[in-house]
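User: I've got a structure open on my screen and would like to talk it through. Can you take my questions one at a time?

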Amino acid sequence: MIKTLTRKTCRRMASTNATEKYGFVLHGKKILGAALNYMDIVRSRNVPVPKEPLIFLKPTTSYEIEGNPIVIPKVFTKVAHEVELGVIIGKKCKNVSKEEALSYVGGYCLALDMTAQCNLGLARQNGHPWSLGKGFDTSTPVSRFVSCNQIENPHDIPLWLKVNGELRQRGNTADLIFKVDDLIAYASKYMTLEPNDLILTGTPDGSLSTKAGDIIEAGMGDHVQIKFTVVGEECT
């Protein structure tokens, strides 16, 4: 039986090592995502540029770390990869301005926002929530924590993703429509952001479906790389 990530699993790791690398996974209370936040994906879908951030929520039970697989639920027929810069909140904030927003960043990570396009497409058509297509178990694979000292400029980070060695996505956070400070300031108008909360900043164009047996590799500049195997739920 393949072991999937739970907070109990993380706590069984060497405590210091786990806290340093994945403290935000252990202690975070929520995950926010930003949809349609790269110009290339807006152009490719021929949709209007959003006038304000399109924010959705994911449960923390969707987290996964390296060493465990991404599991595609039996109820889904099309699950796609999305590579993203993750922003980890460092201190509690509410109604912060754009000018002060970056001072609330505690660190970063590389993340995948696995998305059940088969479910999300119907949800969009019918005006329904995105929770099921975005929040299933293992839908948020993440890297280790990356400190602010390692990221000189969060708005100039190359991102890439390969499936079975084939390049699928390549982009740069310079092309974000709403920057990190925009997202923090906007979200904090509606909800309190707490330490270890994660904001997924959006994905560049090139999101395609994956299947059991695929190997997904992704990178964030020279800072970090991740690698995950995709399996079907019946294999776990």
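## Cavity, sheets and salt bridges

Analyst: Happy to. Keep in mind that this is a predicted model. A good place to start is the inside: the structure holds 1 cavity of 30 Å³ or more.

User: How much space lies in the largest cavity?

Analyst: Rolling a probe the size of a water molecule over the atoms shows where empty space is left. A search for cavities of 30 Å³ or more turns up 1. The space in the largest cavity comes to about 100 Å³.

User: Which residues lie nearest the centre of the largest cavity?

Analyst: Strand S1 (31-35) and helix H3 (39-45) each give at least two residues to the lining. The lining has 14 residues in total. Nearest the centre are Ala 35, Leu 36, Glu 82, Lys 134 and Thr 203.

User: How do the residues of that lining divide into nonpolar, polar and charged?

Analyst: Start from the 14 lining residues. Glu and Lys count as charged, and Glu 82 and Lys 134 are both among the residues nearest the centre. Over the lining of the largest cavity, the split is 6 nonpolar, 2 polar and 6 charged.

User: S1 supplies part of that lining. Are the residues of S1 buried or exposed?

Analyst: Look at the two faces: Ile 31, Gly 33 and Ala 35 point one way from S1, and Leu 32 and Ala 34 point the other way. Buried here means under 20% relative accessible area. With 5 of the 5 residues passing that test, S1 is largely enclosed by the rest of the structure, so the word for its residues is buried.

User: Which residue is the bridge partner of Leu 32 in S13?

Analyst: S1 and S13 run parallel and pair over 3 bridges. Within S13, the partner of Leu 32 is Ile 199.

User: And which residue in S2 is the bridge partner of Ala 34?

Analyst: S1 also pairs with strand S2 (residues 54-58), in the antiparallel sense and over 5 bridges. Ala 34 points the other way from Ile 31, Gly 33 and Ala 35. Its bridge partner in S2 is Ile 55.

User: Let's move to the sheet with 5 strands. Which are its edge strands?

Analyst: This open sheet has mixed pairing and the order S4-S16-S15-S11-S12. An edge strand here pairs on one side only, and that gives strand S4 (70-72) and strand S12 (166-172).

User: By how many degrees are neighbouring strands of this sheet turned against each other on average?

Analyst: The sheet is open, with strands in the order S4-S16-S15-S11-S12. Averaged over neighbours, direction ignored, the turn is 20°.

User: Which residue in S15 stands opposite Trp 160?

Analyst: Strand S11 (residues 158-163) and strand S15 (residues 215-220) are antiparallel and share 5 bridges. Opposite Trp 160, on the S15 side, stands Gly 219.

User: There's also an open sheet of 3 strands. In S14, which residue is the bridge partner of Ala 80?

Analyst: The order in this one is S8-S5-S14, with antiparallel pairing. Strand S8 (115-116) and strand S14 (209-210) sit at its edges. Strand S5 (residues 79-80) pairs with S14 over 2 bridges, and the partner of Ala 80 is Ser 209.

User: On to charges. How many residues apart in sequence are the parts that Glu 194 and Lys 29 tie together?

Analyst: Side chains of opposite charge can pair when their charged atoms come close. Glu 194 and Lys 29 form a salt bridge, with their closest N and O atoms 3.4 Å apart. Glu 194 is in the loop between helix H7 (180-188) and strand S13 (198-200), while Lys 29 is in the loop between helix H2 (15-27) and S1, so the separation in sequence is 165 residues.

User: Is Asp 182 buried or exposed?

Analyst: Asp 182 meets Lys 98 in a salt bridge at 3.1 Å, N to O. Lys 98 is partly exposed at 40%. Asp 182 has 17% relative accessibility, so the label is buried.

User: Last one: which residues do salt bridges with shared partners join into one network?

Analyst: The whole structure has 9 salt bridges. One of them links Glu 194 and Lys 29. Through shared partners, the network takes in Lys 29, Lys 30, Glu 194 and Asp 197.

Notes:
Residues are numbered from 1 along each chain as its sequence is written. This is a predicted model: local features need pLDDT of at least 70, side-chain atom pairs count only at pLDDT 80 or more; totals for chains, interfaces and linings use all residues. Side-chain values use heavy atoms; hydrogens and water are left out. Two strands pair if DSSP finds at least two bridges between them. Helices (H or I, at least four residues) and strands (E, at least two) are DSSP runs, numbered from the N terminus. Axes are lines fitted to C-alpha atoms, for helices over the stretch in contact, and angles run from 0 to 180 degrees between N-to-C directions. On a 1 Å grid over the protein atoms alone, a cavity is a set of points where a 1.4 Å probe fits but cannot get out, and a pocket is an open set with protein on both sides within 12 Å along at least five of seven lines; lining residues have an atom within 4 Å of a point. Grid points are joined across faces, edges and corners, and a volume is the space filled by probe spheres set on the points. A salt bridge is a side-chain nitrogen of Lys or Arg within 4 Å of a carboxyl oxygen of Asp or Glu. Buried means under 20% relative accessible area, exposed over 50%, partly exposed in between (1.4 Å probe, protein chains only).
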